Amino acid sequence: MPRQLISSGSTFEQEIGYSRAVVDGDWIFVSGTTGFDYSKMIISDDLAEQTEQCFKNIQAALSEAGSHLRDIVRVTYVLPDAADFPKCWPTLRKYLGEVRPAAMMISAGLSDPRMRIEIQVTARRGSGA
C-alpha cells in the first residue's frame, strides 16, 4: 500500500511543508494538532475549547485515513504552561478515557502564543475496540 498524505487545508501545512497525517500501511501518524478551526483559521482563547478543537481536527484526519479515535495507541500533549494540564483532563477523558493510549505530556513553547495545547497521535487501524 503506498504512503498516503492527508491534509486539513491548514495554511501551515503548505507554509511549513508537512502533512496533517501520514498513512503507512495500517499506521496513521497525525502531526501535532492545535486548536485552530482550519476552515476559518481562527483559534479560541479558551484552553478547553482548543482541546475540543484539537480532537475534532484529529478525528477528521483519522476518518480520512479510514480510522477512528479508538485506534489511537500513543498520544503526546504539549502545553506551554504545565500548570494548565489538569484543566484539559475532562476533555481528554471524554475522547480517550476508554481508549487509554500510551501518553506523554511535555511543557514547551508553541509556535504561536495563541496556542495553548498541541496534540500528536499515532493510531493503528483496527487496534481499538
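This passage describes salt bridges in a predicted model.

A search of the whole structure finds 5 salt bridges. Three of them are described here, beginning with those of Asp84.

Asp84 meets Lys87 through their side chains, with an N to O distance of 2.9 Å. The two partners differ in their surroundings. Asp84 has 10% relative accessibility and counts as buried, because the cut-off for that class is under 20%. Lys87 has 52% relative accessibility and counts as exposed, because that class begins over 50%.

Asp84 also forms a salt bridge with Arg116, at 3.1 Å from N to O. This pair links distant parts of the chain, the two residues being 32 residues apart. Asp84 lies in the loop between strand S6 (72-79) and helix H3 (85-96). Arg116 lies in the loop between strand S7 (102-107) and strand S8 (118-124). Arg116 counts as partly exposed, at 25% relative accessibility.

A further salt bridge joins Asp112 and Arg114. Their closest N and O atoms are 2.7 Å apart. Asp112 counts as buried, with 14% relative accessibility. Arg114 is partly exposed, and its relative accessible area is 44%. Elsewhere, shared partners join salt bridges into one network of Asp84, Lys87 and Arg116. Asp84 takes part in both of the bridges described for that network, one with Lys87 and one with Arg116.

Terms used
Residues numbered from 1 in each chain as written. Predicted model: local features only at pLDDT ≥ 70, side-chain atom pairs only at ≥ 80, totals over all residues. Heavy atoms only, no water. Salt bridge = Lys/Arg side-chain N within 4 Å of Asp/Glu carboxyl O. Buried < 20%, exposed > 50% of the residue type's maximum accessible area, 1.4 Å probe, protein only. Helix = DSSP H or I, 4+ residues; strand = E, 2+ residues; numbered from the N terminus.
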